[in-house]
Amino acid sequence: MACEGAIPPFDVALFADTGWEPRAVYANLERLTAHAEKHGIPVRHVSAGNIRTDALDPRHRFVSMPLHTRNPDGSKGLARRQCTNEYKITPLKKAARELLGYPHPRRVPRGVYAEQAIGISTDEFTRAKDSGLRFLRNVFPLIDLGFDRARCMEFLAERGFGETVKSACVGCPFHGNAGWRWVRDNDPDGWAEAVEFDRAIRHGYPHATTQGQELRGQYFLHRSCLPLDQVDLDAPPPPPSPGARNTYD
């Protein structure tokens, strides 16, 4: 849209790379980068590291992913989630400060700010929030135009980008069965990495403790708390509870 002038042009487009995206996402990013740069929009990668490598490195500080847990008493839970902040939000904020000319620890003067366009569609309007920072003002052009996900896909297909896939870490514990099936069927290398990662974190990350507490129970990538390569991903989702929205897939 920015390339076509349907929305204001960008000075730069930022991609926060966790290092563990599906191969198809990186291939699509390469296409989009070439397309954007033809229209004068540079695409810059920012990163806080490779989340998969960091999580399995005993020398690296604890990486907080929302792993599914089976506690010693048989109950299930969800580990603390900070990965989005650490590997997405923080690197983007750092890049914004640098682009404004005030890298940390320099103070950004009052009145100096970057307008940050975020591609949240109308399906997820509840995610559209202020940045909480004086130097970043969030705008949501897809919501302003009334674009839902289906319209976004149509728009992309009309311009030759019909194979665009959703950006998400290969081993994201928030995948439903549909997400895991996609990885299994379309990214065999990513699937093998996820299965290996799932086994490696069964009894916690390589760190023996976190915040002074012993890691207890077992940890899983799939919400069933079963080993990833043993889950029946082709089974139909369970029926939703009365009055509840089914988000299994």
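**Exercise 1. Helix 7 and its cover**

Task: Find which residues of helix 7 are buried, then find what covers them.

Solution.
- Step 1. Gly190, Trp191, Glu193, Ala194, Val195, Phe197 and Asp198 are the buried residues of helix 7. The model is predicted.
- Step 2. Place the helix. Helix 7 spans residues 188–200 and has 13 residues. From first C-alpha to last, helix 7 reaches 18 Å, close to the 18 Å expected at 1.5 Å a residue.
- Step 3. Look at the cover. Over these buried residues lie, among others, helix 1 (23–38), helix 2 (51–56), helix 6 (177–186) and strand 9 (218–220).

**Exercise 2. A charged residue in helix 7**

Task: Find the salt-bridge partner of Glu193 and say whether Glu193 is buried or exposed.

Solution.
- Step 1. Glu193 forms a salt bridge with Arg23. Their closest N and O atoms are 3.0 Å apart.
- Step 2. This pair links distant parts of the chain: Glu193 sits in helix 7, Arg23 in helix 1, 170 residues apart.
- Step 3. Glu193 has 16% relative accessibility, so Glu193 counts as buried. The cut-off for buried is under 20%.
- Step 4. Arg23, at 38% relative accessibility, counts as partly exposed.

**Exercise 3. The path of helix 3**

Task: Describe helix 3: its span, its kink and its buried residues.

Solution.
- Step 1. Helix 3 has 18 residues. Helix 3 reaches 25 Å from its first C-alpha to its last, close to the 26 Å expected at 1.5 Å a residue.
- Step 2. Find the kink. At Ile89 helix 3 has a kink of about 30 degrees, shortly before the proline Pro91.
- Step 3. List the buried residues. They are Cys83, Glu86, Tyr87, Pro91, Ala95, Ala96 and Arg97.
- Step 4. Ask what these residues pack against. The partners are strand 1 (13–16), strand 2 (43–46), helix 2 and strand 6 (136–139).
- Step 5. Go past the end. Gly101 follows helix 3, and its phi is positive, near 95 degrees.

**Exercise 4. Two neighbours, Arg97 and Glu98**

Task: Find out which salt bridge, if any, Arg97 and Glu98 each have.

Solution.
- Step 1. Arg97 lies in helix 3 (residues 83–100). Arg97 is buried yet has no salt bridge.
- Step 2. Check the distance. The nearest side chain of opposite charge to Arg97 is Glu98, 8.1 Å away. A salt bridge needs a distance within 4 Å.
- Step 3. See what Arg97 touches. Leaving out residues up to four places away in sequence, Arg97 touches Tyr102, Pro103, His104, Pro105, Arg106, Arg107, Val108 and Phe135.
- Step 4. Turn to Glu98. Its side chain meets that of Arg44 in a salt bridge (2.7 Å, N to O).
- Step 5. Glu98 lies in helix 3 and Arg44 in strand 2, so this pair ties together parts 54 residues apart in sequence.
- Step 6. Glu98 is partly exposed, with a relative accessible area of 33%. Arg44 counts as partly exposed too, at 29% relative accessibility.

**Exercise 5. Unusual backbone angles**

Task: Find the cis peptide bond and a residue other than glycine with positive phi.

Solution.
- Step 1. The peptide bond from His104 to Pro105 is cis, with omega near 10 degrees.
- Step 2. Pro105 is in the loop between helix 3 and strand 5 (114–117). Both His104 and Pro105 are among the residues that Arg97 touches.
- Step 3. Cys225 has a positive phi, near 60 degrees, and is not a glycine.
- Step 4. Cys225 lies in the segment after strand 9. Cys225 counts as buried, at 1% relative accessibility.

**Exercise 6. How far to trust the model**

Task: Find where pLDDT stays under 50 and how many contacts the model has there.

Solution.
- Step 1. Start with the whole protein. The mean pLDDT is 89, and 89% of the residues reach 70 or more.
- Step 2. Over residues 208–214, pLDDT stays under 50. The model has six contacts beyond four places in sequence for this stretch.
- Step 3. Over residues 241–249, pLDDT also stays under 50. Here the model has 14 such contacts.
- Step 4. Where pLDDT is low, the predicted coordinates should not be read in detail.

Definitions and conventions
Residues numbered from 1 in each chain as written. Predicted model: local features only at pLDDT ≥ 70, side-chain atom pairs only at ≥ 80, totals over all residues. Heavy atoms only, no water. Helix = DSSP H or I, 4+ residues; strand = E, 2+ residues; numbered from the N terminus. Buried < 20%, exposed > 50% of the residue type's maximum accessible area, 1.4 Å probe, protein only. Lys, Arg positive; Asp, Glu negative; His and termini not counted. Contact = heavy atoms within 4.5 Å. Expected span 1.5 Å × (residues − 1). pLDDT = per-residue confidence, 0-100. Bend = angle between axes of the 7 residues up to and from the residue.
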